[in-house]
Amino acid sequence: MKLRSTAVTRANSASLPMEDRVDFKYDGVNDGQERKGGHGIPKVSMIPLVFLIFYEVSGGPFGIEDSVKAAGPLLAIVGFLLFALIWSVPEALITAEMGTMFPENGGYVVWVSSALGPFWGFQQGWAKWLSGVIDNALYPVLFLDYVKSSVPALSGGLPRTFAVLVLTVALTYMNYRGLTIVGWVAVFLGVFSLLPFFVMGLIAIPQIEPSRWFEMDLDNVNWGLYLNTLFWNLNYWDSISTLAGEVENPKRTLPRALSYALVLVVGGYLYPLITCTAALPVVRESWTDGYFSDVAKILGGFWLHSWIQAAAALSNMGNFVTEMSSDSYQLLGMAERGMLPEFFARRSRHGTPLIGILFSACGVVLLSWMSFQEIIAAENYLYCFGMILEFIAFIKLRMTHPSTSRPYRIPLGTVGAVVMIIPPSILIVIVMALASFKVMAVSILAVLAGFVLQPGLVYVEKKRWLRFSVREDLPDLPDSSPVTAEDDTTPLVV
């Protein structure tokens with residue numbers, strides 16, 4: 001991989017006349033129908049990409065049981081439907097537009113850097129990487145929670161700690177072997193994880209009593225648990241953008257894959273909720289993590305119970321490998337833009353970001369001591385901070401660079417785009433306000449650490465203690481100054 005000095009890149013960008021800095025093109029950078037990258041590794045095609053997104057966001061209906069416990073069946077069903085409309089759809093649309101506008105690794109870090117400058121781009125990367133690593137610390141723990149009934153020794157103590165380490169190492173090695181392997185593993189795991197819920201729904205249909213759907217007690221709703229559960233299960237659509245440089249023809253493939261994955265994720269939540277909450281009397285206190293396997297035992301017997309437990313355990317493995325891929329390629333993309341030392345951009349012989357994978361794995365091990373609810377609340381808080389920057393970047397680039405190529409464009413003008421992000425912005429404020437003082441304090445300290453880390457890395461580069469470079473074939477990011485141009489609201493058809 002050819003690199004150019006970050007100092008030269010900044011000087012060249014600053015010396016360009018304004019008309020040459022307005023728009024930029026990715027000529028030759030992941031721009032055609034090529035099936036292999038410059039490193040000779042096959043790129044990710046449509047079907048694996050759909051399931052990579054599926055596991056970035058969901059992985060199946062495991063963990064949605066708390067929504068019923070918190071608010072009852074009606075609010076759980078309505079909540080997943082409404083949250084998909086006001087949160088998932090806008091986030092997926094923004095990811096499709098911005099991901100095709102910037103088809104390179106780094107994703108949302110590059111979007112924010114283009115709109116707000118490298119300082120805020122780094123803060124976006126720092127907050128989102130921390131959020132992703134915190135999220136990934138959850139999956140080995142959940143895997144063991146599902147299998148501890150069969151292996152009681154894994155309930156705690158040294159055996160459990162050792163098992164977390166072994167799982168982390170094994171799944172990290174899978175990431176090291178290549179993103180195409182991870183993609184096809186995600187396809188297999190996705191089908192295996194969703195199929196038992198389809199079967200359970202069919203078995204449940206004859207026992208459905210529609211009146212059970214309408215059970216609701218507004219005086220007994222745990223709003224914090226309810227909103228965090230919905231938010232956690234319906235976010236992270238933008239994570240796939242950090243892999244855009246590894247996708248075959250992303251300008252065409254990415255928007256379609258996002259739309260297919262959206263149907264798969266939302267349908268995968270609503271189908272078991274609708275069938276199972278009406279097939280059995282709802283005892284809200286029983287609806288905790290893993291309760292779907294108990295429902296399966298009641299409806300179908302031990303064989304279905306075992307199948308769902310196995311699917312749940314393997315689904316956590318799928319969540320882990322896809323999240324680690326996103327986190328590690330984000331670090332690679334930041335290094336290719338000169339935001340991190342050059343060694344983060346080096347690839348293994350399998351084309352994977354070895355240093356990024358190791359850093360992400362270490363973060364997972366260090367954070368695996370956190371409880372389930374603490375993990376969800378902390379990652380949601382950091383994720384919200386990153387989404388605020390994304391929304392600002394999206395609107396600003398619409399205003400300052402309206403004529404820049406967007407192979408997929410949301411069919412809304414600037415005013416419509418602003419209206420679209422108002423509901424999810426309100427949701428962000430609510431989720432952040434509901435965080436406990438402990439989670440809020442730790443998250444704010446983590447964000448402030450990024451405020452110190454970025455100037456520190458700039459100083460390290462200035463002193464030449466570490467080498468920073470920009471990938472040679474990447475275009476210079478656009479100047480953030482506004483330009484005079486009529487905002488074209490015509491969508492580009494994909």
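## Close-up views of a predicted model

**View 1. Helix H6 and the glycine after it.** Gly-117 comes after H6 and has a positive phi, near 100°. The model shown in this and the other views is predicted. Helix H6 covers residues 108-116, and 8 of its 9 residues are buried, so the rest of the structure largely encloses it. The buried residues of H6 are Tyr-108, Val-109, Val-110, Trp-111, Val-112, Ser-113, Ser-114 and Ala-115.

**View 2. The whole chain, for orientation.** The chain contains 18 helices and 2 strands. It has 494 residues, of which 59% count as buried. Taking contacts between residues at least 6 apart in sequence, 86% link residues at least 24 apart.

**View 3. Helices H5 and H11 where they cross.** The axes of H5 (residues 73-101) and H11 (residues 223-234) come within 9 Å and cross at roughly 45°. Because this angle lies between the limits for roughly parallel (under 35 degrees) and roughly perpendicular (65 to 115), H5 is oblique to H11. The crossing of the two helices is right-handed. On the H5 side, the residues that meet H11 are Leu-75, Ala-76, Gly-79, Phe-80, Phe-83, Ala-84, Trp-87, Ser-88 and Glu-91. On the H11 side, the residues are Trp-223, Tyr-226, Leu-227, Leu-230, Phe-231, Asn-233 and Leu-234. An α-helix has 3.6 residues a turn, so residues three or four places apart point the same way.

**View 4. The loop between H11 and H12.** Tyr-236 is in this loop, as are Trp-237 and Asn-249. Most residues other than glycine have a negative phi. Tyr-236 is not a glycine, yet its phi is positive, about 75°. Asn-249 also has a positive phi, near 50°, and is a residue other than glycine. Are these loop residues buried or exposed? Buried means under 20% relative accessible area. Tyr-236 counts as buried because its relative accessibility is 4%. Asn-249 is buried too, with a relative accessible area of 9%, and Trp-237 counts as buried at 0%.

**View 5. The surroundings of Trp-237.** Leaving out residues up to four places away in sequence, Trp-237 touches Ile-53, Val-57, Ser-88, Glu-91, Ala-92, Thr-95, Leu-258, Ala-261, Leu-262, Val-265 and Tyr-383. Trp-237 and Ala-96 are 141 residues apart along the chain, but their C-alpha atoms are separated by 9.6 Å.

**View 6. The nonpolar cores.** The largest nonpolar core has 136 residues, and the members that touch the most others are Ile-53, Met-200, Trp-237 and Phe-394. Helix H16 (residues 372-400) supplies the largest share of this core, 14 residues. A second core, separate from it, has 8 residues, among them Phe-143, Val-147, Ala-163 and Ala-313. Back in the largest core, which residues does Ile-53 touch, not counting those up to four places away in sequence? They are Trp-237, Ile-240, Ala-257, Leu-258 and Ala-261.

**View 7. Helix H12 from end to end.** Helix H12 runs over residues 250-279, which is 30 residues. At 1.5 Å a residue, H12 should span 44 Å, and its end C-alpha atoms are 42 Å apart, so the two values agree. H12 is mostly covered, with 21 of its 30 residues buried.

Note on methods. Residues numbered from 1 in each chain as written. Predicted model: local features only at pLDDT ≥ 70, side-chain atom pairs only at ≥ 80, totals over all residues. Heavy atoms only, no water. Helix = DSSP H or I, 4+ residues; strand = E, 2+ residues; numbered from the N terminus. Expected span 1.5 Å × (residues − 1). Buried < 20%, exposed > 50% of the residue type's maximum accessible area, 1.4 Å probe, protein only. Core = buried A, V, L, I, M, F, W, Y, C linked by side-chain atoms within 4.5 Å. Contact = heavy atoms within 4.5 Å. Axes fitted to C-alpha atoms, helices over the stretch in contact; angles between N-to-C directions. Parallel < 35°, antiparallel > 145°, perpendicular 65-115°, else oblique. Left-handed = near helix turned anticlockwise from the far one by under 90°.
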